[in-house]
Amino acid sequence: MSLLPELRYPSVLELQASARALAAERPGLCVLRQVGVSRAGRPLHLLSVGHAPRAVLVVAGAHANEPTGGATLRFLAERVVEERSLRDGVSWHFLLCADPDGASLHVTPAPRSLFDYHLGFFRPAGDEQPEWSPSVLPPDRLPPETRALTAVIDEVRPYLQVTLHGTDLGGTWVQLTKDIPGLAEPFAKSAAELHIPVEAGASDAAGWPASGPGVHVMPAPGAGAAYPSMPDDARHSTWYHAHRYGGLTAIVEVPMWASDLVGDPAPHPAPAAALGRLAHRLRSDALLVEEALAEAQPRLAGRDGALLRAARWTLALVPGLAEDWVRTSPADTTMAYVGSVDAFARRLPLRAAAMLLRVLRDVDDPAAPRLERLVAYWSENFARRFHARWVPLGDQMEHQSRTVVTAAQQAREQAD
């Protein structure tokens, strides 16, 4: 936990510089262009490699706190340029960062520990997330980042869209809007070679069918949600926009810190009771953050920045989610699933506290030191409970890029 990673996560400006260099080196093959602007006026860039009508779209930076995607995108774009076989009948399009405003606020390019990671943490409220906003907002209120992303999908009509995501602590898994036969085996092989656990019971995919360990296929529209209280629904996100053109989307998740506790497929002896305890702890932890916010609120009058909005939004998820865990039957009964829910229950209050801490530190609020101690305590407990081990950034990138290439090859065979 104390070792500095051997590589650092690239900034959006560094991604743009790398893409610009590729386009300059291979002008007949690569084109870099602006395809939109963020709410704050930052440009959104698309790097296209090749000219074939059959297309793969790769999206990075949809969640600001998941920086591996940008590193993988750069690595993968360079690989596509170098390996002609990957371009055989296929063009590749790389959206460098779907949320540059969010990326400017998440400021841990080389975290040494979970505490270090959370000191610079930012993840926007749901309606400000480019991929998720269509699930919670009407079409006329979608942010410009979302409109730019869907316009790119409309233009290139990908048979496969891959969106590069990640988790702070846990395992690797894939979410698919349609099944890709043949993906599960090479996915598992890659994870094993790189010593990355497969998150067999990911809470993000609770109740979804699986085509193999860690490869989850989203249920059809109209199917009941495992967590009814959650305000967003993946089936209304930009992930489904590619279906208009006969395509599908793969969401490839990879951890920064790995834990074998989320990969245990053995049955849990009492999953319902365990989820009840996790719900209680979730409420208790969130209450501590809410009390800190209420205490500082008079001193924050007139402030409504992205960090504060996101902290409040995260806290607002807690009551309904805790109720879901208590009142609904467990969507999965494995040790892996209970472990994933345990991580989720730790993650939400910790994220809210971390973002509130940044707000309080910005104004030199007297409550900041106490909240910082809480963030440090929760971060260390999270890492200790899950026996967290750092996954070298090179391994994160390698596994994610392998999965993208395999998905592109298998999805093309399926389309043909």
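These legends accompany close-up views of a predicted model.

**View 1. Helix H10 turns one face to the interior.** Helix H10 covers residues 368-385, and its 18 residues reach 26 Å from first to last C-alpha, close to the 26 Å expected at 1.5 Å a residue. Look for its buried residues: Ala-368, Leu-371, Leu-374, Val-375, Trp-378, Ser-379, Phe-382 and Ala-383. Seen down the helix axis, these fall within an arc of 160 degrees, so they line one face of H10. On the other side of H10 you will find Arg-373 and Tyr-377, both exposed.

**View 2. The surroundings of H10.** The buried residues of H10 pack against strand E6 and three helices, namely H4 (114-119), H7 (271-296) and H9 (335-362). Just after H10 comes His-387, with a positive phi of about 50 degrees.

**View 3. An open sheet of 3 strands.** The strands follow the order E6-E11-E12, with mixed pairing. E6 (167-170) and E12 (389-390) are the edge strands, each paired on one side only. Strand E11 (residues 255-258) runs antiparallel to E12 and is joined to E12 by 2 bridges. To spot one of these contacts, start at Trp-257, whose bridge partner in E12 is Trp-390.

**View 4. Two cysteines without a disulfide.** A search of the whole structure finds 0 disulfides. Why is Cys-30 not bonded to Cys-97? The closest cysteine sulfur to that of Cys-30 belongs to Cys-97 and is 20 Å away, too far for a bond. Both residues are nonetheless tucked away: Cys-30 is buried with a relative accessible area of 3%, and Cys-97 is buried with a relative accessible area of 6%.

Conventions. Residues numbered from 1 in each chain as written. Predicted model: local features only at pLDDT ≥ 70, side-chain atom pairs only at ≥ 80, totals over all residues. Heavy atoms only, no water. Disulfide = S-S within 2.5 Å. Buried < 20%, exposed > 50% of the residue type's maximum accessible area, 1.4 Å probe, protein only. Pairing = 2+ DSSP bridges. Helix = DSSP H or I, 4+ residues; strand = E, 2+ residues; numbered from the N terminus. Expected span 1.5 Å × (residues − 1). Arc of directions from axis to C-beta. Contact = heavy atoms within 4.5 Å.
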